[in-house]
Amino acid sequence: MTLCELLSLVDDLRASFPFCVGYASAASEFTCMRWESNALALLWLLSHDAEVKKRCDMSNTSSQFHSRDTASIPNAELPSVLHEDHYWPAEPVSLADAGLSQSFVESLICQILMASGTLSGRRIAESAGLPFGIIDENLAILRTRQIIAHARSAPLNDYYYSLTENGQQRAIRHQKSFTYTGPAPVPLSDYVLSVEAQANQYEPVERDRLLEAFTDISVDPSWLDFIGPAVNSNGGIFLYGPPGNGKTTLAKCLTVLRGESIWIPHAIIDDGMIIKIFDAAYHQPKQVENDSGLVNMQNFDRRWIRISRPTVVVGGELTLDNLEIRHDPRTNTCEAPLQLKSNCGSLLIDDFGRQRVAPEELLNRWIVPLESKQDFLTLPTGKKISVPFEQIVLFSTNLQPQDLVDEAFLRRVPFKIEIKDPRPEEFLALFQRACGAMGFPWRPDVVKQLITCFFQANKLPLRRCYPRDLLNQVRAYCVYRREPLDLRIDYLQHACRNYFGTLGGIPAATAAVAKQPPVARPETRENKSSAQATPVQAPAPSLPLPVPIEATQQVACMNA
């Protein structure tokens, strides 16, 4: 490869991606397009000669690297074109670069001032999420047209602005079109590109990484060989099994495997309609740190926000309206559907089959997006738009999948993982972990006694949620009686009576044998007078058992 070819390739690469999406080669080291000079880029290319030759072959057979339209790149080439670790929304330098019209920015400025009163130019730019240079130019135009006026001077060669009488009337007219005072939206095409880039930025999940993600929860080792391939496939997953075994917790842990954070816009715009994406109920913001990386030192577009990969959990409240764009006629703005808010993350349909909408209607809505990874939404204007459907969709249910849906849908949800009840050994380990987390002394004999004489005797299944729930009952009981936290069988008996109700209780004979004397406390004058004044009440009778147990078996159980 000659020097002229290398320099030509550098120019083509730099001209193709001027907005810094985080371009990288397959070697993932060419992480910045804004090189200070061609010489620096040339040094990198010389050290990666094999990769350079590969790029030259691609550029000779296709003209995609000579085009400034990144959306025209085929989906198959996106992982090699975009950086595998970062999508970086670069700060726009003009309204055309931001994809917004001057009339829209004028309307946004007027509504911000109408809602807030007097603001400085930089504060207006911060509210709109646009660079101060773009806002300052539009403020000057509005001031010339006598829509806004200087209120007073502000630091850093800035001014405080307020609406004139003409500007207030104009703001009211703008509010009849739409009412919005948040960060400026980004074009739909930019959002689609970001999802396609970030949905493929995670590495394949291996067994060691899966074990690390499940460090804080208890899982059956046999599940790992089913969960790992399901995550790598990025397809639908059915989690079915008895309730209370951690299906929801498991789904949240799967999101961590796909990476730490992503970028999403506050809102998107298409055909003049604003669609709000960011939702504080599902999206957790993360601080942008300026580390030593070349890309991170650049300014980013303030219309975007960095968040942890979302996990959207919905249950019985889910309806078909939640899966479509919801239009607010008062503000003439829209709210994004749940699948759009969960892009690049996970969408968990909890208690599937118990929604207010029939399972067949819900599954028919998603039967095409699950296969094509594209969803079609309708704007209030009547226009159909295509958006990415890039998330792990998990259906958690207590029922068998074949009893809920037909074979056609089961084919599009290729992974069905059964979450079974824990074995006694795992149940014991869960109790020990819960005792350590909640400050209880660990007494394995008491827990074994509870398993044998209560769960097994009454033929009740073990659940992974029982240790935490029963210890919460015991802690509340100890706090009420002003006694130290302790793991005693009579405390657990009281907790089981409250928790299970008529499902079963510790047998009366067993409870009499297992009854332990209360903790001795020093006698005081107050305790003595209280004991004399308060009559002793008989203990409440135990609840009837669903399965009778012989008294001889109960005593033998306790002696064991």
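## Overall make-up

The protein has 24 helices and 17 strands. Please keep in mind that this is a predicted model. Of its 560 residues, 49% count as buried. Contacts in the protein often reach along the chain: among those with a separation of 6 or more, 74% come from residues 24 or more positions apart.

## An open sheet of five strands

Let's begin with the strands. An open sheet is built from 5 strands in the order S4-S7-S8-S12-S11, and its pairing is mixed. Its edges are strand S4 (186–187) and strand S11 (326–328), each of which pairs on one side only.

Within this sheet, strand S7 (residues 267–270) and strand S8 (residues 273–276) are antiparallel partners, paired over 4 bridges. If you want to find this pairing in the viewer, look for alanine 267, whose bridge partner in S8 is lysine 276.

## A covered strand, S9

Another strand worth a visit is S9 (residues 304–308), where 5 of the 5 residues are buried. Which residues lie on each side of S9? Trp304, Arg306 and Ser308 are on one side, with Ile305 and Ile307 on the other; all are buried, and both faces of the strand are covered.

S9 runs antiparallel to strand S6 (residues 261–265), and 5 bridges join the two. One pair of bridge partners here is tryptophan 263 and arginine 306 of S9. That arginine is also among the buried residues of S9.

## Helix H12 and its buried face

In helix H12 (residues 224–233), the buried residues are Leu224, Ile227, Gly228, Ala230 and Val231. Viewed down the axis of H12, these buried residues fall within an arc of 165°, so they line one face of the helix. A general point helps in reading such a pattern: an α-helix has 3.6 residues a turn, so residues three or four places apart point the same way.

Just after H12 comes asparagine 234, which has a positive phi, near 60°.

## Aromatic pairs

The count of aromatic pairs comes to 20. Tyrosine 466 and phenylalanine 500 make a good example: their ring centres are 5.2 Å apart and their planes are at 80°, so the pair is edge-to-face. Tyrosine 466 belongs to helix H20 (residues 466–481) and phenylalanine 500 to helix H21 (residues 489–500), so the pair ties together parts that are 34 residues apart in sequence. Both tyrosine 466 and phenylalanine 500 are buried.

These two rings also belong to a cluster, in which ring pairs link Phe427, Phe431, Phe454, Phe455, Tyr466, Tyr499 and Phe500.

## Charges over rings

Aromatic rings also meet charged side chains in this model. The charged end of arginine 152 sits over the ring of tyrosine 160, at 4.2 Å from the ring centre. Likewise, arginine 302 places its charged end over the ring of phenylalanine 300, here 4.0 Å from the centre.

## Salt bridges

Side chains of opposite charge can pair when their charged atoms come close. In this protein the count comes to 17 salt bridges. One of them joins glutamate 106 to arginine 170, with the closest N and O atoms 2.4 Å apart. This pair links distant parts of the chain, since glutamate 106 is in helix H6 (residues 102–116) and arginine 170 is in helix H9 (residues 165–177), 64 residues apart. Is each partner buried or partly exposed? Glutamate 106 counts as buried because its relative accessibility is 8%, under the 20% cut-off, while arginine 170 is partly exposed with a relative accessible area of 24%.

A second salt bridge connects glutamate 324 and arginine 365, whose closest N and O atoms are 2.6 Å apart. Glutamate 324 lies in the loop between strand S10 (311–314) and S11, and arginine 365 in helix H15 (residues 359–366), so the pair ties together parts that are 41 residues apart in sequence. Glutamate 324 is partly exposed at 29% relative accessible area, whereas arginine 365 is buried at 17%. Arginine 468 and aspartate 469 form a further salt bridge, with their closest N and O atoms 3.0 Å apart. Arginine 468 counts as partly exposed at 47% relative accessibility, and aspartate 469 is buried, with a relative accessible area of 16%. Finally, salt bridges that share partners join Glu106, Arg145 and Arg170 into one network.

Notes
Residues are numbered from 1 along each chain as its sequence is written. This is a predicted model: local features need pLDDT of at least 70, side-chain atom pairs count only at pLDDT 80 or more; totals for chains, interfaces and linings use all residues. Side-chain values use heavy atoms; hydrogens and water are left out. Two strands pair if DSSP finds at least two bridges between them. Buried means under 20% relative accessible area, exposed over 50%, partly exposed in between (1.4 Å probe, protein chains only). The arc is that of the directions from the helix axis to the C-beta atoms. Rings of Phe, Tyr and Trp (its six-membered ring) pair if their centres lie within 6.5 Å; planes under 30 degrees apart count as stacked, over 60 as edge-to-face and the rest as tilted. A charge sits over a ring if NZ of Lys or CZ of Arg is within 6 Å of the ring centre and within 35 degrees of the ring normal. A salt bridge is a side-chain nitrogen of Lys or Arg within 4 Å of a carboxyl oxygen of Asp or Glu. Contact means heavy atoms within 4.5 Å.
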